[in-house]
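Colleague: I have the model open and would like to go through a few parts of it with you. Could you take me through the helix first, and then the rest?

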Amino acid sequence: MTGILYLCATPIGNLGDMTPRVVETLRSVDLIAAEDTRNTGLLLKHFEIATPQTSFHEHNAMEKIPDLLAHLESGKDLAQVSDAGLPSISDPGHDLVKAAIEREIPVVAVPGPSAGITGLIASGLAPQPHIFYGFLPRKEGQQKAFFQEKLAYPETQIFYESPHRVRATLQNMLAVYGNRPVVL
């Protein structure tokens, strides 16, 4: 009997968005795989959750996945969280999920906040159809080429971007997309 991999959504700016089910799940699992243990530590402290954490992010994912799978295969439950929103969106959770499914380890999503969908419904842009791309390429030429490939797509497009790169990204979007509605 294996453990269960829980994918737990975390608040995207307001701790009041934390669901009771996520709090209970984080209390009941044996280990939490966190994108940043400092950020998650603050969240756990706020909700008085004493479950131990391990670091799991884009820079250590490939070396950590075997240990996390061994943890699950030993019958212990694991929760994976990102810094904000749903895990597996723009973080290494997807690789862990694929590996767990390959080994027939149950994967349970515990829903909650999602920055992309939350932004979409408040944007005034058409919510259907939409397409989510996640984080954009960082380099100007690669970004412009990416936008050029997506230029003819009629769907509302959702991108994630670092606050430090928003201005340059908007300039690149304007250069390719021209006068297309944008909401930040």
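Modeller: Let me begin with helix α3, where Glu-63 and Asp-67 are exposed on the other side from the buried residues; please keep in mind that this is a predicted model.

Colleague: Which residues of α3 are buried, then?

Modeller: The buried residues of α3 are Ala-61, Lys-64, Ile-65, Leu-68, Leu-69, His-71 and Leu-72. Looking down the axis of α3, one finds these buried residues within an arc of 155°, so they line one face of the helix.

Colleague: And why would residues three or four places apart point the same way?

Modeller: That follows from the geometry of an α-helix, which has 3.6 residues a turn, so residues three or four places apart point the same way.

Colleague: How many residues does α3 have, and what does it reach from its first C-alpha to its last?

Modeller: Helix α3 covers residues 61–73, which is 13 residues, and it reaches 18 Å from its first C-alpha to its last, close to the 18 Å expected at 1.5 Å a residue.

Colleague: Switching to strands: which residues of β1 are buried, and on which side?

Modeller: Strand β1, residues 5–8, is covered on both faces, with Leu-5 and Leu-7 buried on one side and Tyr-6 and Cys-8 buried on the other.

Colleague: What does β1 pair with?

Modeller: β1 runs parallel to strand β4 (residues 78–81), to which three bridges join it, and it also pairs in the parallel sense with strand β5 (residues 107–110), over four bridges. Leu-5 takes part in both pairings, since its bridge partner in β4 is Leu-78 and its bridge partner in β5 is Val-107.

Colleague: Now pockets. What volume does the largest pocket have, and which residues lie nearest its centre?

Modeller: The largest pocket has a volume of about 1400 Å³, and it is lined by 45 residues, of which Phe-135, Ile-158, Phe-159, Tyr-160 and Glu-161 lie nearest its centre. The elements that give two or more residues to this lining are α5 (115–123), β7 (156–160) and α7 (166–177).

Colleague: How does that lining divide into nonpolar, polar and charged?

Modeller: The lining of the largest pocket divides into 23 nonpolar, 13 polar and nine charged residues.

Colleague: And what about the second largest pocket?

Modeller: The second largest pocket holds about 200 Å³ of space and is lined by 13 residues, with Pro-11, Leu-15, Asn-39, Leu-43 and Asp-83 nearest its centre. Its lining residues divide into six nonpolar, six polar and one charged.

Conventions:
Residues numbered from 1 in each chain as written. Predicted model: local features only at pLDDT ≥ 70, side-chain atom pairs only at ≥ 80, totals over all residues. Heavy atoms only, no water. 1 Å grid on protein atoms, 1.4 Å probe; cavity = no way out; pocket = protein on both sides within 12 Å on 5 of 7 lines; lining within 4 Å. Points joined across faces, edges and corners; volume = space filled by probe spheres on them. Nonpolar A, V, L, I, M, F, W, Y, C, P; charged D, E, K, R; others polar. Buried < 20%, exposed > 50% of the residue type's maximum accessible area, 1.4 Å probe, protein only. Pairing = 2+ DSSP bridges. Expected span 1.5 Å × (residues − 1). Arc of directions from axis to C-beta.
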